[in-house]
Amino acid sequence: MIKEGFRKLLLWREKHIPEKHFVLILSFIVGILSACTAILLRGLIHLIQKILTDNFNINEANFLYLIYPAIGILLASLFVKYIVKDDISHGVTKILFAISQKQSRIKPHNIWSSIVASSLTIGFGGSVGAEAPIVLTGSAIGSNLGRMFKMEQRTMMLLLGCGAAGAIGGIFKAPIAGLVFTIEVLLLDLTMTSVMPLLISSVTAATIAYIFSGTEAIFKFSMTEPFQMHRIPYVLLLGVFCGLVSLYFTRTMNWLENRFRKLNTWYKKLAVGSVILSLLIFVFPPLYGEGYSTITLLLDNESSKLVDGSLFFSLASNYWLFLGYLFLILLFKVFASSATNGAGGTGGIFAPSLFLGCLSGFIFSHSINYFDIVQYLPEKNFSLMGMAGVMAGVMHAPLTGVFLIAELTGGYDLFLPLMLVVISSYLTIIAFEPQSIYSMRLAQKGELITHHKDKAVLTLLKMENVIETDFEKIKPDMFLGDLIKVISRSSRNIFPVVDKSGILRGIVLLDDIRNIMFRPELYYRFRIEKLMTSPPARLSVNMPMERVMKIFDDTNAWNLPVVDETGKYIGFVSKSKIFNSYRKVLVHFSED
């Protein structure tokens, strides 16, 4: 009954609401749902943290730091292993993979599974962020809403992006950052058709967040010292420092995750990761959870409180010991984040990037101020700029870094230095690392589709739409004379040789037999198996179109056979057919 009613709804929609208008309606719905899930996740994390840590003594070490993170990761990993039964880590990377390889389809369980797993992980102290899980959740909402209403792949890709924009807009109350992040990190192409739905989703989500949590920025920042032009060289140096910190974070995290991947059982990963994480949090309490409280202290010029509840409570008065304490936190944050995810927790690198950036900006300005070689550098301003610098470096997303930090803090008066920092940081890291932390693994496997329209359009081409099946099949035991009869009724100059089981044995090219095809005395002397040759390559029916084009380029072939997993012949793909389909999709893909 429900299915029949929904089918009638689909028919009514197709008849009365044009698709362009319907996409705008869906983007509005996606924005609402993404904001609600973001608010829910943030609320669950804060509730768990408040219950667990509200009674902690700030004047002494808290031994419960040794227990809480392990419990959270255990609960999250058991939930994923026995209830979800699927990998839900690395949210943004999974979205990029869905766009590149899964026709923008994300599994329905991602709508709720990341919320549960990440709230347990972060609430109990996991040193990761909630943003990537909620971005995956928002994208899953958009993708599955598109599937439910039978939208085409191009529209599903756009709705997936709307979910990501809504998630960022909702969790950070940053609508511009949501739009920019989606364009800069996720989406394949930017047209007027895509901007409006993305903007609707991000603004709607931010509005919902304003309604439920007020209009104040996530981090309260008050400009007490305006930016002065003579500080530009130090701003650029901060950008270089942030780029190097981003490089350290990216490479160390990849190295550590590879080490965890080599632990072949989940309980080994759980044990090793939990021990590392718990010890690090016990020694360095600022590593507990997302780290937003640390950012707040630095932006409020209350850095001395960072030693509260630690073994080093007395360090705040000693400049060098305190600076060393902060530098060790900077170094070990990546170990804490990697251990959290490696042990089975669920979380992202948004918050760790902001944490590292804020700490980097403070350490940089605090060190220079000590030597008194320049007029005082406002440490909270540089902490703010450092957040933008590291985020831009880690994500390879300079615009996202600028707009997100400006919206997060309300620090629009520092727009110029923010831009200088992100440019300097981005140029520094791309000199060493051309791919972002999100995309490098997919790029290494050849599974990443970048912002190039050529590659984007290829993802929209489907193999079944370019396979041609009007080639006359011949058998290996046939004579040349039999082949001549086939040639007389065929319009093709390639003939696939197929055995009784349907397996492709080879091909016969008309050019290869042209010198003997008019000699009747040879018609029953040669069998096909003596005349056939191997094709330059064989294409799999499930092969991505970008891979298909690479094979065509490598072999210089114009026609290649397609086989299934068992080697059975299906048909041929020609370059001309791909080019014709490409042109049609390109026109459709680029419509404004």
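Q: What span should the 12 residues of helix α8 have at 1.5 Å a residue, and how far apart are its end C-alpha atoms?
A: In this predicted model, helix α8 covers residues 175–186. The expected span is 1.5 Å times one less than the number of residues, so the 12 residues of α8 should span 16 Å. The distance between the end C-alpha atoms agrees with that value, being 16 Å.

Q: How many of the 12 residues of α8 are buried?
A: A residue counts as buried when its relative accessible area is under 20%. Among the residues of α8 that meet this condition are Pro175, Gly178, Phe181, Glu184 and Leu186. The helix is mostly covered, and the number of its buried residues is 10.

Q: How far does helix α14 reach from its first C-alpha to its last?
A: Helix α14 runs through residues 350–371 and has 22 residues. At 1.5 Å a residue, 32 Å is expected. The reach of α14 is close to this, at 33 Å.

Q: Which residue just after α14 takes a positive phi?
A: Helix α14 is mostly covered, with 20 of its 22 residues buried. Just after α14, a positive phi of about 55 degrees is found at aspartate 372.

Q: Is cysteine 358 buried or exposed?
A: The limit for a buried residue is a relative accessible area under 20%. Cysteine 36, at 39% relative accessibility, counts as partly exposed. Cysteine 358 has 0% relative accessibility and therefore counts as buried.

Q: How many disulfides does the structure hold?
A: A disulfide requires a pair of cysteine sulfur atoms within 2.5 Å. The number of disulfides in the structure is 0.

Q: What is the order of the strands in the open sheet of 4 strands?
A: The pairing in this sheet is mixed. Its edge strands, each pairing on one side only, are β1 (467–468) and β4 (539–540). The order of the open sheet is β1-β6-β5-β4.

Q: Which residue in β6 stands opposite valine 563?
A: Strand β5 (residues 559–563) and strand β6 (residues 569–574) run antiparallel and are joined by 5 bridges. Opposite valine 563 in β6 stands tyrosine 569.

Q: What angle does the direction of helix α24 make with that of β5?
A: Helix α24 comprises residues 545–555 and packs on the sheet. The strands that α24 touches are β4, β5 and β6. The angle between the directions of α24 and β5 is about 135 degrees.

Q: Which residue in β3 is the bridge partner of proline 496?
A: Strand β2 (residues 494–498) runs antiparallel to strand β3 (residues 504–509), and 5 bridges join them. In the hairpin of these strands, which has 5 residues between them, glycine 502 takes a positive phi near 85 degrees. The bridge partner of proline 496 in β3 is isoleucine 507.

Q: How many residues apart in sequence are the parts that arginine 492 and glutamate 468 tie together?
A: Arginine 492 and glutamate 468 form a salt bridge, with their closest N and O atoms 2.6 Å apart. Arginine 492 lies in the loop between α21 (480–488) and β2, whereas glutamate 468 lies in strand β1, so the pair ties together parts whose separation in residues is 24.

Q: Is glutamate 468 buried or exposed?
A: Its salt-bridge partner, arginine 492, is partly exposed, with a relative accessible area of 22%. The relative accessible area of glutamate 468 is 16%. Because a value under 20% counts as buried, glutamate 468 is buried.

Q: What separates lysine 550 and aspartate 554 in helix α24?
A: The side chains of lysine 550 and aspartate 554 meet in a salt bridge of 3.1 Å, N to O. Lysine 550 is partly exposed at 44%, and aspartate 554 is exposed at 52%. As these residues are 4 residues apart in α24, their separation is about one helical turn.

Q: How many salt bridges does the structure hold?
A: One of them joins arginine 519 and glutamate 521, whose closest N and O atoms are 3.1 Å apart. Arginine 519 is partly exposed at 40% relative accessibility, and glutamate 521 is partly exposed at 49%. The number of salt bridges in the structure is 10.

Terms used. Residues numbered from 1 in each chain as written. Predicted model: local features only at pLDDT ≥ 70, side-chain atom pairs only at ≥ 80, totals over all residues. Heavy atoms only, no water. Pairing = 2+ DSSP bridges. Helix = DSSP H or I, 4+ residues; strand = E, 2+ residues; numbered from the N terminus. Contact = heavy atoms within 4.5 Å. Axes fitted to C-alpha atoms, helices over the stretch in contact; angles between N-to-C directions. Buried < 20%, exposed > 50% of the residue type's maximum accessible area, 1.4 Å probe, protein only. Salt bridge = Lys/Arg side-chain N within 4 Å of Asp/Glu carboxyl O.
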